[in-house]
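Trainee: I'm new to this structure and would like a close look at one part, the sheet. Could you walk me through how its strands are arranged and what sits around them?

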Amino acid sequence: MSEIKLGEMEGKFAELIWENEDISSGALVKLCEKELNWKKSTTYTMLRRLCEKGIFKNENGRVRALITKEELAAKRGEELIKESYGGSLPRFIAAFAERKAISEKELDEIRKMIDEYRKES
């Protein structure tokens, strides 16, 4: 996946695809006309752009996701941590905790995730 940053309209378009996945390209054009007030050419231009980014695939008139919404969010998070915190998850968590208190429930969830990760390693 080359570039994972999505603009506002790319994000709205991606949401439409994920919500209606395995959609025909013709149905996608109609959906975008209704929901986004786009012309056919705009829909295909945007689709090509997101296909080039490796998020979707348009094959035989069917549009499918190559990655899920959750996978894209995880990739974005990884990139943010790499760019802003030198790849250090502890530095990211420390910066987050300085701005927002972490509740006991959240701490328990984090501990559980760490314990499960240790078991898998």
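Mentor: Sure. In this predicted model, 3 strands make up an open sheet, and reading across it the order is β1-β3-β2, with antiparallel pairing. The edges are taken by β1 (23-24) and β2 (56-59); each has a single partner strand, so one side of each has no neighbour in the sheet. As a bit of background, strands in a sheet pair through backbone hydrogen bonds, and the pairing can be parallel or antiparallel.

Let's go through the pairings one by one. Between β1 and β3 there are 2 bridges, in the antiparallel sense. Look for Ile 23 here: across from Ile 23, in β3, stands Val 63. On the other side, β2 pairs with β3 (residues 62-65) over 4 bridges, again antiparallel. Val 63 turns up here too, this time opposite Asn 58. Then there's Glu 59, whose bridge partner in β3 is Arg 62.

Now follow the chain from β2 into β3. The two strands form a hairpin with 2 residues between them, and Asn 60 has a positive phi near 55° there.

The sheet has a helix against it as well. Helix α3 (residues 40-52) packs on the sheet and touches β2 and β3. The direction of α3 makes about 120° with that of β2.

While you're at α3, you might wonder about the cysteines. The disulfide count is 0. Cys 32 is in no disulfide, and the nearest cysteine sulfur, that of Cys 51, lies 12 Å away; a disulfide would need the two sulfur atoms within 2.5 Å. Cys 51 is likewise in no disulfide, its nearest cysteine sulfur being that of Cys 32. As for their surroundings, Cys 32 has 0% relative accessibility and therefore counts as buried, whereas Cys 51, at 23%, counts as partly exposed.

One last stop, away from the strands: a pair of helices. Helix α4 (residues 69-85) packs with helix α5 (residues 89-99) at an angle of about 85°, and their axes are 9 Å apart. Because of that angle, α4 is roughly perpendicular to α5. On the α4 side, the residues that meet α5 are Leu 80, Ile 81, Ser 84 and Tyr 85. They come up against Leu 89, Arg 91, Phe 92 and Ala 95 in α5. Sorted by type, the residues of this contact are 6 nonpolar, 1 polar and 1 charged.

Key. Residues are numbered from 1 along each chain as its sequence is written. This is a predicted model: local features need pLDDT of at least 70, side-chain atom pairs count only at pLDDT 80 or more; totals for chains, interfaces and linings use all residues. Side-chain values use heavy atoms; hydrogens and water are left out. Axes are lines fitted to C-alpha atoms, for helices over the stretch in contact, and angles run from 0 to 180 degrees between N-to-C directions. Angles under 35 degrees count as roughly parallel, over 145 as roughly antiparallel, 65 to 115 as roughly perpendicular and the rest as oblique. Contact means heavy atoms within 4.5 Å. Ala, Val, Leu, Ile, Met, Phe, Trp, Tyr, Cys and Pro count as nonpolar, Asp, Glu, Lys and Arg as charged, and the others, Gly among them, as polar. Two strands pair if DSSP finds at least two bridges between them. Buried means under 20% relative accessible area, exposed over 50%, partly exposed in between (1.4 Å probe, protein chains only).
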